[in-house]
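Here is a short set of notes to read beside the structure. Please keep the 3D view open and find each element as it comes up.

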Amino acid sequence: MKRPPNPLFPLQDLNPSQRDAVTTVDGPLLILAGAGSGKTRVITYRIAYLLQERNIPPYAIMAVTFTNKAAGEMRERVISLAGREGRMVWISTFHSACVRILRQHADRMGISRHFTIADDSDSLRIIKGILKEMNVDERVLPARRVSYLISRAKNALVEPEGMADLGEVRRDHLMEKVVLAYGHYEERLRASQALDFDDLLFFTFRLFEGHPDIRDNLEDILQFIMVDEYQDTNHAQYQIIRHLSARRRNICVVGDDDQSIYRWRGADITNILSFESDFPEAKVVSLMENYRSTGHILKAASCLISRNLGRKDKELRAVRPDGLKVSAFAAVDERDEADFISATILDLMRREGFAAGDFAVFYRINAQSRAIEDSMRRNNIPHAIVGGVRFYDRMEIRDTLAYLRLILNPADWTSFERVINAPARGIGKVTLEKIRSCAAKDAPPEKAVLEALKSVKITKKAASALSAFLETMGGLRDKVQVQALDELVVSVMDDTGYLPALQSEDTEAARNRIENLQEFLTVVHDFLEISTGVEESGSDTLSAFLDQVSLVSDIDSWEDKGSAVTLMTLHMAKGLEFPVVFLAGMEEDLLPHYRSQGEPAELEEERRLCYVGMTRSRERLFLTLARRRRIFGQYDHTHPSRFFSELPDENVELHSESAFPILGLTGRGGPSRIPSEGTIAISEFHYEPEPVEGEETLLPGTEVSHPMFGVGQVMGVEGEGGDARITVYFPKGGKKKLIAKYANLRVI
Ligand code: ATP
Ligand code: MG
């Protein structure tokens, strides 16, 4: 029954295509549209519309987002549109949704309901152990590579036996070893009642395949499913979605193929491109207005991305006025680049009233953040780095979590091995080996300890420590049901001797660790405050807490308080927006990253990454590079990113203080700029262009003159000395490759 639209529902907040997408709720719907066109907004309004206008109960709606943070924001927005009912809508990431499903039905899969979620470093640790047992030299086959290949296989829903058929693995001449390691790794996880991140998806898929009744029940409840950032789903996620929407087909996916940036993690861009063949009856809506960025920014980004061949062409018009041109800046080195960013931020705050929270600095790799962070610190600019060493990765936090996991899941070998000698109890590798050797297949660690105490020779000291450990763990398990979670955590810290050991250490490092443990208690308190309290028992509360901690991603721990400049990698920038954006390190080998340069498909992914970064910006966009950069303590000359030459001149200009020109860009910058205070003088590093005498190495960007071709600009130099091959761009003669000693070039 169709009811007249509720006059209160704010459909006027949407343009006609968005409105069409929001009100089309039956049948499959694909929203394929460019950056900033309101895709996420459409999902949010659509949920509110289903609740308010169609009277759909909240538990019948599921929305999947890319991060927990995005899920939280979407929930807030839905609540503000549709009221408190919005709280009950199932909005989460794929991984969180799978954990929830698996905790309910684990027994059907033959695993404990209290399975542990092994994170990436747990996985790596297990794989390292396996490779060692297999006598595989890590220099020949690094654990990281094995872990990566296993993860790719799992995301493609491939078991060890089928792995040999995966193209990527086939190319690896050590394939047999990888397949073997994958098999062992699975056994090890199962014996520990543990699932890694990829298993969360894989097991959910298997659950649906093997137990149609569970899938059908879920499908009966979930009438409407929506997926944001669909372009970055992998095969496992795709199959899960297909299962959940197989009968009702009320599936709405939104995405932008130009923003697919997780290929390296198994994201499959064809999922979005083939939606129409999966669901031939699908309605397709495109959104063509960009509400986020000013005209110059949008035009520059659109022009860049149009270079990609593997994409659907999309029209995207700026709703906002042109604004200022995108500004490009070439710094002397990474410190100079960072100081430019700081100075520009201070200037914009002072003169134009921007707040620190309005700025974001994006970079390709985490290592770039150090110079930027240093400069911000020197300039007293409040800043927050998202990523890097995470709170939950600190040793003392991991140790505490391992104890908590072991309390719930006594089969968890990884956690057991982590804490058996933390704090030091005199239980070394040898004792641990003995314990392992006593373990029957799939025996939990504490049973193995009991066996070991009975049957093998263990030093007296170690034996009494082991007995005490067993007793402590038993005591803690009793406490789970009677103590509140925060009390339990304090018990873990005290009863295990962990906190007392730190207290008696009395060093700066130990004090730091104690502070972190206190902070951890704050995390527990926060959890208790916001958790809905629906968990019935102490172990359910603990389990829910551990799930939440396991699933926080870097971006989730970032608090957007509006009072600090945000520093993050480009990969994390998806879906976000900031008034002012800096994209640092626009250099060849960094963006595009050197590993991507061999393969056209990977180069296109780098271009998309650059596009994602540019389109986060609402009003100002700065693209910066350093003409030399310190890598592993050594300075290396860099070349401006090829992406500069793909940007339209009308929308991008060289910043007036740029230390160097950038090929293809006009503007007032030039080699004459005196570097700002605090940077190393150019001359110290012979950066001033010198006359070429056949033997000098030229720097890209230098203007030179040639007897025949006239004035040009050096684009790149290969080799050194007189035999160096210099590529020069001459406006009159085009691109020429010249040999230094014969070229007769003069620096202007
Ligand atoms: P991305 O591709 O980066 O994920 P998106 O397509 O999801 O972007 P949104 O984040 O939903 O876009 O919207 C971008 C910005 O434009 C937001 O600030 C949003 O509030 C605003 N916006 C979207 N549609 C409208 C509209 N019809 N009227 C006013 N503002 C809008
Ligand atoms: Mg979005």
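1. Overall make-up. The chain holds 28 helices and 23 strands. Keep in mind that this is a predicted model. Of its 748 residues, 55% count as buried. The accessible surface of the chain is about 33200 Å². Carbon and sulfur atoms make up 50% of that surface.

2. Contacts along the chain. Take the contacts in the chain with a separation of 6 or more. Residues 24 or more positions apart account for 73% of them.

3. Strand 6 and its two faces. Find strand 6, residues 224-227. Which way do its residues point? F224 and M226 point one way, and I225 and V227 point the other way. All four are buried. The general pattern is worth learning: in a regular strand, side chains alternate between the two faces of the sheet.

4. The neighbours of strand 6. Strand 2, residues 61-65, pairs with strand 6 in the parallel sense, over 4 bridges. V64 has V227 of strand 6 as its bridge partner. Strand 7, residues 251-255, also runs parallel to strand 6, and 3 bridges join the two. Here I225 has I251 of strand 7 as its bridge partner. Trace both pairings in the 3D view.

5. Helix 15. Why is helix 15 described as largely enclosed by the rest of the structure? The helix spans residues 295-305, and 8 of its 11 residues are buried, so the rest of the structure largely encloses it. Buried here means under 20% relative accessible area. The buried residues are G295, H296, I297, L298, A300, A301, L304 and I305.

6. Cavities. Rolling a probe the size of a water molecule over the atoms shows where empty space is left. How many cavities of 30 Å³ or more are there? The count comes to 4. The largest cavity has a volume of about 60 Å³.

7. The lining of the largest cavity. Its lining residues include R103, H114, F115, R405, N409 and D547. Which elements each supply at least two residues of this lining? They are strand 4 (116-118), helix 18 (395-408) and helix 26 (538-551). Helix 26 gives the most, with 4 residues. By type, the lining divides into 4 nonpolar, 5 polar and 3 charged residues. Colour the lining by type to see this mix for yourself.

Note on methods
Residues numbered from 1 in each chain as written. Chains lettered and ligands numbered in written order. Predicted model: local features only at pLDDT ≥ 70, side-chain atom pairs only at ≥ 80, totals over all residues. Heavy atoms only, no water. 1 Å grid on protein atoms, 1.4 Å probe; cavity = no way out; pocket = protein on both sides within 12 Å on 5 of 7 lines; lining within 4 Å. Points joined across faces, edges and corners; volume = space filled by probe spheres on them. Nonpolar A, V, L, I, M, F, W, Y, C, P; charged D, E, K, R; others polar. Buried < 20%, exposed > 50% of the residue type's maximum accessible area, 1.4 Å probe, protein only. Contact = heavy atoms within 4.5 Å. Areas by Shrake-Rupley, 256 points an atom, 1.4 Å probe, with all protein chains shown as cover. Pairing = 2+ DSSP bridges.
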